[in-house]
Number of protein chains: 2
Amino acid sequence: MEKVSRKEREYLTHRKEILKAAEKVFAVKGFFQAKMDEIAKEAEFGTGTLYRFFKSKEDLYFTLIDEKVQEINRLVQEELSKKAPPLERIKRVLTLELDFVEKNRDFFKIYISERSRFEWTVKDDLGKGIHQKMVAYIDLLSKVLKEGIRKGEFKPLDPMDMAHALVGMVNSFIFEWMISPVPYPLISKVDTLLEIFLKGTQKRR
Amino acid sequence: MEKVSRKEREYLTHRKEILKAAEKVFAVKGFFQAKMDEIAKEAEFGTGTLYRFFKSKEDLYFTLIDEKVQEINRLVQEELSKKAPPLERIKRVLTLELDFVEKNRDFFKIYISERSRFEWTVKDDLGKGIHQKMVAYIDLLSKVLKEGIRKGEFKPLDPMDMAHALVGMVNSFIFEWMISPVPYPLISKVDTLLEIFLKGTQKRR
DNA sequence: TTAAAAACTGAATTGTAATTCATTAATTGA
DNA sequence: TCAATTAATGAATTACAATTCAGTTTTTAA
């Protein structure tokens, strides 16, 4: 199959180390406040070395996001394509997602603030690619919801609207968890999220 | 009462013009990509003149956000304090908010991306003030929801969770509206939002 | 009318930080 | 072992843009 030389293995290790350091720094400082010098120091390389791996700060940033987004997408896609009732699949994806967030706190700090960086979605190529992948997730979700409607599990509302509502709630809970001074397992919010999304908040009379 | 000289009136006019221009530029470019030169040009003043009104780029930015947030808060507070059943008040605030967003598109582009700028909420004084005001809105909402629970209009869920869920959904719809290439009245989403928030998406059997 | 004061201007200053590149260190293969 | 060759370094270069300020224009009021 793949015969990777030590050279190549080392190259990839170093690359990963730089990405890891970048994740840390970007999460704390945000793109503009993060300095290449600081990332280099964190990664224990000289500043110039970063440029042997990434052609610019932007490239480093976007690559970082892109690779992680791909990772989640893979997981979600896998879960959503399993054969199970739509409602059940939604539940599982939600759990999966919150769990992933919990394990990638640094990354999600970046991800969440990126979501609203309109300016770039247009400009950069890699930026556009990322945006596409973010949208893809919503699409996937809405497909499952659509199926759920057909099968009579969900009300016949617009699936896109439903997907946006769910994602909005989830993001809001993630955001809250992120800034909360009191630590708690994010996963513990799954039930509340589902309760509200599925059954609403109004008392039935 | 207030005797404002022409001088003062003019000062305030110019200040407002600069804020307006800044709003426009910041909305398109975001804080870091926006250049003082560009804002000055947009406002039809020399670059140096901006500094007669605001002591720095940051000051200009935060002042801009702060004043608008105060404006919304005033409106919301007024509406929420009116005597009406909680559910009814929620409905009205939602309408109010979406209407306000529609009328302040540029500003909300800024506002939404600001919400996730962790870095600043801590650092800057004015920034902290803004964050406080953002949180205050959630608080207000959760108080109304709490009252709603007491009166049996809402299920006995955690009011904060409910507030976060609602705000999350709303933000998600705003975001979607913002980036949609097809224009539509945001206000048209009120019913969907309420339907989902109040009654959920699951089909009752 | 005019000189002093206030407002405005944009080119020059300044600080910052991404990127480069001459130099040094490490690795390779003969 | 020793010259290539490749990788790593961080000080110097360069680009950029916020802020300043000496000069210009406008307003004021005597």
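The copies meet through the same surface, because 100% of the interface residues of chain A are also interface residues in chain B, where two residues are in contact if their C-beta atoms, placed from the backbone, lie within 7 Å. This is a predicted model, in which local features need pLDDT of at least 70, side-chain atom pairs count only at pLDDT 80 or more, and totals for chains, interfaces and linings use all residues. Residues are numbered from 1 along each chain as its sequence is written, while chains are lettered from A and ligands numbered from 1 in the order in which they are written.

In this interface, 37 residues of chain A are in contact with 37 residues of chain B. On the side of chain A that touches chain B, two or more residues come from each of α1 (6-33), α6 (105-115), α7 (118-123), α9 (159-179) and α10 (190-199) of chain A, helices being DSSP runs of H or I with at least four residues, and strands runs of E with at least two, numbered from the N terminus. The largest share, twelve residues, is that of α9(A). By type, this side of chain A holds 14 nonpolar, 13 polar and ten charged residues; Ala, Val, Leu, Ile, Met, Phe, Trp, Tyr, Cys and Pro count as nonpolar, Asp, Glu, Lys and Arg as charged, and the others, Gly among them, as polar.

A turn of 180° with a shift of 0.0 Å along the axis lays chain A on chain B with an RMSD of 0.1 Å, the superposition being by least squares on the C-alpha atoms of residues with pLDDT of at least 70 in both copies. The two copies are therefore related as by a two-fold rotation axis. In chain A, the C-alpha nearest this axis belongs to A:G200, at 1.9 Å.

Turning to the DNA, 18 residues surround strand D, and A:G46, A:G48, B:M36, B:G48 and B:S56 come nearest, a residue being near a strand if its C-beta atom, placed from the backbone, lies within 6 Å of it. The largest share of this surface, four residues, comes from α3(A), and the surface divides into three nonpolar, eight polar and seven charged residues.

Within chain A, A:L141 lies in helix α8 (residues 125-150) and counts as buried because it has 22 C-beta neighbours inside 10 Å; the cut-off for buried is 20 or more other C-beta atoms within 10 Å, exposed means 12 or fewer, and partly exposed lies in between. A:L141 touches A:A163 and A:L166, not counting residues up to four places away in sequence.
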